[in-house]
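I opened the notebook to write down what I looked up in this structure. The entries follow the order in which I checked things.

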Amino acid sequence: MKRKLGALEKVDADLPNLQHKIRNDPSSYQDDFVNQYSQYSSLYELFISSPTTTDDTGLVRLRDLIDFVSHVADCYPKLTPTFANDLTRLLELHHATLEAELRDKIVTSLVLLRRKDVINSTALLNTLWPLLISTPSKSLRALLFQKILADLKNSNTKSTNHKLNRSVQTTCYNLIAADLANPKNLWAVKLTREMWRRQIWSDAKAVSIMELASLSHDAKVVAAGVRFFLGGDQEREEAAEDDDSDHEGGIDIRQMKHQAGINKKSAKREKDLKAAAAKAKRKQKKKNAPSPLNFSALHLLNDPQGFAEKLFGQHLQPSQPKVKLNLEQKLLVLSLVSRLVGLHKLTLISLYSYFIKFLTPKQPSVTSFLASLAQSTHNLVPPDVLEPLVQKIANEFVSEAAAAEVASAGLNGIREVCVRQPLAMNETLLQDLVQYRKSKDKGVQMAARGLLNLYQEVGAEMLRKRDRGRKAALKLHAAKEGLTLESDARRFGQVEEGGIEGLELLEQWKLEQGIVDDEETEAKGWENWDAESDSSESEGGWIDVASDGEDIDVYDSEDEKEKEAKKRKLASIDDEKENVATDAAATPTDTASRATASLEPEAALKRSLLGTKNLLTPADWAKLEELKRSAAVTAALPSAKRRKLAEQAKAAAQARHADDAVTAGDIAGLAKLSHKSTREEKIAMAKGERPDENGRFGAAGNDHRSTTARRKEKKESEGKSTTNKEKARKKNFLMTLGKAKRKGKMSLVDRGKVLKQHVDRAKKGGRRGNIG
Amino acid sequence: MGSSAKRKKEKKQDFQKPKLKVGKTKPKAANFTSTSFKAKSIVLTQSTLSTTAPSLDAQILHNVSLLKSKSDSQRKDALAFITNAIMEHRKGFPYQVGEIFKEACKLLLDRSDGVRNELLKLLTQLPAVEVTIHIAEPLLRIRAGMTSLAKGIRFTSYDALIWLLKGNGEEVVSSVGTWVKYLQSFQSVFAFHAKDPAITTNTSGWSNVPTSVQPIGSNDSKVLMKQTQALESFLRAGLIQSGEDSEVLAAQSAARSFPLWHTEYHTMPTRSKPFARLNLFGPPRSAEDEMYDDVDERRRVFAELGLYRTFAHGINTLKKQGGEVGRAASQVEKVLAEGMVDWDEDKEYEVNF
């Protein structure tokens, strides 16, 4: 005891030292703490009695003492019951006039008390959040926001703290709901967005905050809310990826092992290495773990139709809206509305007529409008609403007189609309537009070709005969003959039915094997499965729900014709079955060879009826899997591969994910081809200069510099100087002379030695060897 | 070859002499270092130059403002100047002494020893009557200083307290929140421990060494001595009735200003925060914060909070140390005995706050 006090005497006025000692042995230093605490309380009283006139020394002393007490308060909970309350009161009453450093210290002390569990998160956030809204100081706001975020993050690390999250979300919601025109609402939006990005909040409540923000009456808040819906999910994914890559970059285990081999060995280093290895392993494990499934904000909306209507009705439609948005913000809102309409297939008829006045080439950022239009189109939009829009685009953009960029953008826009609703196009216009594939300009040409390709797929009969292409023509022909069930002429509202992948392969195989689906074979198919399953199903056996005879017929005058065709087709299939059955019995080898060769074309033309008549037995499924595998092998053969690749690429281009947005870049993409670069631009590209503000040249992948220049840049970016090759090339000529002369004079034995050394070195992998 | 030619050129450049031209500034040398700098403010050592000496009034005003100066010596000099001025011009001092006291007391916690010593000198020169009205704030500062880690500040605080008690004893002990809080501060600096388990925190574990009487600076008898003296005068002021009863005093003053009635209520108040007792705007006070302006009340609180017993026990132990401190402690004991003479010690007082 005496020794300890003696040590303390030496360092006189050293609070950090006392703090350290208290941490180690709280009960022995209680008296010292009481002294300091009473000093703190008198200074606190002094400050409270005259908050504005307290002098510098007093403030500094108070700051130091607050720091000290907050660090050790958890050791003496009985002595410091009011400490946190004092700080909160100080902050609440005097935050506007407090000296900045003291104010920040109080905030950090409160956070420290939270970390030491002296106060709980709710109390802390209830103190900090109102301050964030009310304080005029920018630096304090930044500090508070950071602390609030950190605290929320910390309280959610081990497990999600639902109670806290809900209370903070409610606070955010209420802030916005209380006064929609308040610009301070931005903080609620900011917090929500940040929490969303970190995947701490990923529920509908957070989305509802943003929904409310998007409908608020302040332009900045509206823009922030809308931006969240448009980019929040992407941001979240990026953040998650960043996290992963960060962890990878954290420890280079190979490097550490290598260094452990070189450096002096010590117990500490060995321990470090082990810890690093364990950490890396943990990271690896975490990386391989399945990522949590997160719903996109757009899918978590409670009432998308209502939201879209309100957004449109509040910000876009009225001529005198409550909030004055500029063009950029308007475009954001429009983009969100159209995204919602496209994604949820909403019906918002007035939206389409809204587009009309913006679809002229003179309109600023018209490509964004085109993209929004395309986005808001889906197969449930009435074609007669879209038709005038397509017509207008065609009239305004696509003509011989229009600039190539304009025409290609227009064609592209039309194509994007028609991908989603092919019925929006009429025959004359289509045939007219397709003519542009003969244009001299590359961009226009490609855009027109895109449109042509699209209609070859979805509406070949609208094209002129010679434009239809071989495949589409064949299909049409088959339809006319009544060979296929589907007619390509789709009607409004028609929905494609789902199917089982590879089912036609199974049907084909059954046909070829001569297996008839009757009760007996089916029972056989179930046999093994029943043995294996642990089923508690009913024992009564399986009942055929749809047997051959019991077709439910719905009479419809329009369907009559189709039905006829169907019946005829069924009959033909039955005939075929019989024929094949006899053939198969006679020549089994022949069928085997046919099995692979015949699969594709026929399968493509027919729609399988197999799954609709009987339940597939487990045996059928197993066979299906096998057939799919063998078909994959066939498809991997070189000749088939190329065809498949081409088809895949096309499918990928057409069937983009429904969640993905159409951007202005997609519309204007081909216009870049129409642009001819000037001499200056070409020179700049060759020099590898960055593009100017217009982004005219030298796009990221468009590097026109020489290979050497690029390599050199790469080396420099890696922090290296020159390659050995470059050194050799630059070597002074005179220096090489001597060696050349000497080489010439070398004796045969010496030459042999040199060659042998060279071979050895090559084997070893260079002078230093290949070990490192 | 390319690079070597380049190097040659570079090398040649090193040895070329710069050409000097008439009317042009001399070119800077290659190793020239700029010594210019930017400053927010430039401090001139001699800030006022005047042929006529400023008036005393102005000088004092200036020096009072210098009390806030950043430099230690400047503060010290200002204090010294004011002290001299007061000593020289006892009659007709042109400045409010109370104001000076208020400003100067901000230096009670000053980090420089010289400044604090100078401050003590100034304090001894101030008339006690003039400062009465301003003592609330210095009292807080003194209490903060009493428990400071720095020995010098503690020393100054005790000195200042003793000085204050000498002139304004009654005022000090009866102002808001002073009596109990000061006693508690004394208790903690002397490390007198109550037997009350509520205050001792952690009783589990072997490290809980009974810290009987080992106050801060126990090996420094000088501070302990000063501490004990301060305690003695504090207790004396608080527990022992000074002069006559307040009623008698009131009667006397009334007799002095006979034809007038209740004059003191119509003049400037003589004590600091005259309406503090009413506590009009603050939160409700606890037992610690309450003001006790009657001797009996103070005695009661002293006993009821268990402080009397703690102090008596602590002082008794301190007395046993002997020497100077022991003698001072016996003085305290005497005061205690005198102050609490009619108090029933055996009666058990339990007060929960």
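What percentage of the 353 residues in chain B is made up of buried residues? I found that buried residues account for 39%. I note at the start that this is a predicted model.

**Chain B overall**

I went through the secondary structure of chain B and found 14 helices and zero strands. Read from the N terminus, every element in the run is therefore listed as α, with α as the entry for each of the 14 helices. I then checked contacts in chain B between residues at least 6 apart in sequence, and 77% of them join residues at least 24 apart. The exposed area of chain B comes to about 21900 Å², and carbon and sulfur atoms supply 55% of that area.

**Helix H4 of chain B**

I next looked at helix H4 of chain B, residues 97-104. Six of its eight residues are buried, so the helix is largely enclosed by the rest of the structure. The buried ones are Val97(B), Gly98(B), Ile100(B), Phe101(B), Glu103(B) and Ala104(B). Which helices do the buried residues of H4(B) pack against? I listed helix H2 (56-66), helix H3 (72-88), helix H5 (113-125), helix H6 (128-131), helix H7 (136-146) and helix H8 (151-174), which belong to chain B.

**Salt bridges**

Side chains of opposite charge can pair when their charged atoms come close. I searched the whole structure and got 34 salt bridges over all chains.

In chain B, I picked out Arg116(B) with Asp113(B), whose closest N and O atoms are 2.6 Å apart. Both residues lie in helix H5 of chain B, three residues apart, about one turn of the helix. Is Arg116(B) buried or exposed? Arg116(B) is buried, at a relative accessible area of 3%, while Asp113(B) is partly exposed at 46%.

I also noted a salt bridge between Asp159(B) and Lys226(B), with the closest N and O atoms 2.8 Å apart. Asp159(B) sits in helix H8 and Lys226(B) in helix H10 (residues 221-239) of chain B, so this pair ties together parts that are 67 residues apart in sequence. Lys226(B) is buried, with a relative accessible area of 18%. I also recorded one network of salt bridges with shared partners, which joins Glu45(A), Arg143(B) and Lys181(B).

In chain A, I looked up the salt bridge of Glu194(A) with Arg197(A), where the closest N and O atoms are 3.0 Å apart. The two residues are in helix H10 of chain A, three residues apart, about one turn of the helix. Glu194(A) is buried at 18% relative accessible area. Arg197(A) counts as partly exposed at 26% relative accessibility.

**Positive phi angles in chain A**

I checked the backbone for positive phi in residues other than glycine. Asp117(A) has a phi near 65 degrees and is found in the loop between helix H6 (100-115) and helix H7 (121-134) of chain A. Asp117(A) counts as exposed, at 59% relative accessibility. Gln199(A) has a positive phi of about 60 degrees and is found in the loop between helix H10 (185-197) and helix H11 (204-214) of chain A. Gln199(A) is partly exposed, with a relative accessible area of 29%.

**A charged patch**

Which residues form the negative surface patch? I wrote down Glu237(A), Glu238(A), Glu241(A), Asp242(A) and Asp243(A). I placed Glu237(A) in helix H12 (residues 219-250) of chain A. Glu237(A) counts as exposed because its relative accessibility is 53% and the cut-off for exposed is over 50%.

Technical notes:
Residues numbered from 1 in each chain as written. Chains lettered and ligands numbered in written order. Predicted model: local features only at pLDDT ≥ 70, side-chain atom pairs only at ≥ 80, totals over all residues. Heavy atoms only, no water. Patch = residues over 30% accessible without salt bridge, like charges linked within 9 Å, V, L, I, M, F, W, Y side chains within 5 Å. Areas by Shrake-Rupley, 256 points an atom, 1.4 Å probe, with all protein chains shown as cover. Salt bridge = Lys/Arg side-chain N within 4 Å of Asp/Glu carboxyl O. Lys, Arg positive; Asp, Glu negative; His and termini not counted. Charge placed at Lys NZ, Arg CZ, Asp CG, Glu CD. Helix = DSSP H or I, 4+ residues; strand = E, 2+ residues; numbered from the N terminus. Buried < 20%, exposed > 50% of the residue type's maximum accessible area, 1.4 Å probe, protein only. Contact = heavy atoms within 4.5 Å.
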